[in-house]
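Here is a short tour of a structure, written to be read alongside the view of it. Take a moment to find your bearings, then read on.

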2 protein chains.
Amino acid sequence: MTDPIPFQRDQSQADRALLGIRDMVLRGEFKTGERLPELVLVDLLGVSRTPIRAALQKLAEEGILEAAQPAGYVVRGFSEAEIADAIEVRGTLEALAARMAAERGLRRPQLEAMADCLDQLDELLAEAVPGSDYLSQYSQLNGRFHQLMVESSGSEIVVRALARAAALPFAGHNAFVSIQGRIPGSLEILKAAQRQHREILEAIEARSSARVEPLVKEHARIAHKNLQLVLKNAEAMKNLPGSLLIRRRP
Amino acid sequence: MTDPIPFQRDQSQADRALLGIRDMVLRGEFKTGERLPELVLVDLLGVSRTPIRAALQKLAEEGILEAAQPAGYVVRGFSEAEIADAIEVRGTLEALAARMAAERGLRRPQLEAMADCLDQLDELLAEAVPGSDYLSQYSQLNGRFHQLMVESSGSEIVVRALARAAALPFAGHNAFVSIQGRIPGSLEILKAAQRQHREILEAIEARSSARVEPLVKEHARIAHKNLQLVLKNAEAMKNLPGSLLIRRRP
DNA sequence: TGAATACAGTATGTATACATTTTTTCAATT
DNA sequence: AATTGAAAAAATGTATACATACTGTATTCA
């Protein structure tokens with residue numbers, strides 16, 4: 001009698017390649033603009049060229065690499081303006097999702113799941129002591145709320161579009177959470193975000209599509225504020241994963 | 001002395017695979033939900049598995065295929081609601097692009113290029129005789145206008161997001177042009193679209209971001225109207241590329 | 001008859017050999 | 001010293017062999 005449910009499939013070489021390359025790029029082990037020769041990656045990861053190639057293609061789709069001419073891939077750098085645009089795109093699509101959720105109306109279980117998520121966030125933020133490691137839990141709950149909100153649009157097309165927009169570095173909803181605690185007033189930022197969460201949920205519950213749209217857009221712009229704070233703070237930059245992909249001036 | 005500018009690079013096997021598979025899928029040579037075994041494609045296209053695999057991965061990103069469990073790819077079908085959502089996403093992102101264009105303001109050459117494009121469209125529609133093949137020219141000019149509008153956002157991030165959203169079948173700006181002429185009042189639809197083009201350009205020129213956003217969203221919804229017309233018209237369906245991917249009742 | 005299992009066939013995952021293209025190096029010539 | 005050219009090195013494109021996992025069928029046993 002073997003396990004009827006395969007718990008965790010043996011990680012494939014393709015997964016290893018994808019995770020490994022992404023990790024190396026975000027750690028800054030290749031400079032922006034630098035080529036990623038397949039054979040070098042083969043040596044570094046102990047995986048053959050085939051899964052490496054698949055991973056490179058995926059990471060180019062994801063946005064952290066770009067296809068080079070006439071062939072190959074290079075690490076992509078992001079200007080501050082590009083990051084701001086990526087955040088704006090994410091906010092725009094989240095606003096669309098929330099508007100659709102408000103228009104169609106949600107069932108009680110969905111609303112309760114979101115409310116429960118916000119209750120847990122309230123509790124977490126109330127007890128939060130600067131220095132304790134509440135951040136990973138915050139990330140998780142924050143991510144869950146956003147996920148629930150987007151899925152409540154009921155549209156897989158929108159979910160997909162958003163997943164791709166949020167895959168860009170620094171564009172996701174948790175992109176700047178890791179640097180909270182390194183900048184002054186960071187807990188206050190999280191609390192303000194949480195107040196917006198409440199307002200968003202209220203608007204969806206009230207089926208007020210006209211209200212929810214600007215609320216969600218404004219919520220996403222917190223990320224933009226955080227970006228500007230980080231750029232002024234060398235210490236915080238060190239704690240921002242992938243910060244080496246940010247180029248100050250080109 | 002060889003040509004300094006390579007005119008048209010020899011089409012690679014990867015290109016052949018990508019174009020070939022996309023074409024077969026849109027022609028309906030595989031039913032929705034049907035698997036696309038790599039070896040079958042190897043036989044059909046005369047290309048080895050390596051470029052086939054790359055193409056399958058790209059087409060899954062593009063949206064017309066989806067990864068199957070536990071492996072492989074199947075043809076993806078689209079419900080009417082999903083197509084409507086894809087159009088809405090496209091319209092939302094185009095509206096964002098236009099708003100950004102209006103906010104930053106355009107240089108004269110950009111405005112002139114767009115105006116020139118609209119002049120040509122006016123001329124084309126004025127002389128358009130039902131039955132003549134003005135449609136391919138319309139597609140081209142319409143595509144160019146949209147391209148110019150989106151690029152005038154000045155944001156490569158937005159351009160990329162839009163390209164991906166518009167890659168879904170029936171979501172692009174020219175998705176329903178091919179069926180014009182098969183449905184009553186089709187020329188009038190194109191003329192109405194052109195009037196919206198003029199208003200959009202005026203709003204961008206006037207840097208009225210508040211006006212341009214709803215204008216562009218509404219413009220995209222023409223595609224939604226066309227979708228509903230097509231679904232009621234069996235004759236028009238035959239002329240819609242990829243129509244076999246639409247499932248009436250999933 | 002029904003269920004379980006073994007097995008063949010077929011699918012994709014992975015590695016790698018070979019082909020082609022691109023880049024680099026270095027020497028020869030002006 | 002600069003430039004050109006050819007040869008070498010290295011990179012990616014492509015094909016394919018082999019490994020592994022899945023699927024369906026037939027056979028065997030209860």
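The report below covers the contact between two chains and then one histidine.

## The contact between the chains

This is a predicted model, so do keep that in mind as you look around. At the contact, chain A and chain B contribute 29 residues each. Together they bury about 2,500 Å², with 52% of that area on carbon and sulfur atoms. On the side of chain B, the residues that lose the most area to chain A are B:Gln57, B:Ile157 and B:Arg164, which together account for 25% of what that side buries.

## Charges and polar pairs

Eight salt bridges link chain B and chain A. One to look up joins the side chains of B:Arg76 and A:Glu156, at 3.7 Å from N to O. The two chains also share ten residue pairs in polar contact, counting those with both residues at pLDDT 80 or more.

Four helices of chain B, α3 (49-62), α4 (80-104), α7 (156-167) and α9 (209-231), each bring at least two residues to the side that touches chain A. The largest share, ten residues, belongs to α4(B). By type, that side of chain B holds 14 charged, eleven nonpolar and four polar residues.

## A histidine in chain A

Now turn to A:His146, which sits in helix α6 (residues 134-151) of chain A. Is A:His146 buried or exposed? Its relative accessible area is 2%, and a residue counts as buried when that value is under 20%, so A:His146 is buried.

Beyond neighbours within four places in sequence, A:His146 is in contact with three histidines, A:His173, A:His197 and A:His219, and with A:Arg90 and A:Glu94.

Notes
Residues numbered from 1 in each chain as written. Chains lettered and ligands numbered in written order. Predicted model: local features only at pLDDT ≥ 70, side-chain atom pairs only at ≥ 80, totals over all residues. Heavy atoms only, no water. Contact = heavy atoms within 4.5 Å. Buried area = accessible area lost by both parts, 1.4 Å probe. Salt bridge = Lys/Arg side-chain N within 4 Å of Asp/Glu carboxyl O. Polar contact = N/O pair within 3.5 Å; in protein donor to acceptor, adjacent residues only side chain to side chain. Nonpolar A, V, L, I, M, F, W, Y, C, P; charged D, E, K, R; others polar. Buried < 20%, exposed > 50% of the residue type's maximum accessible area, 1.4 Å probe, protein only.
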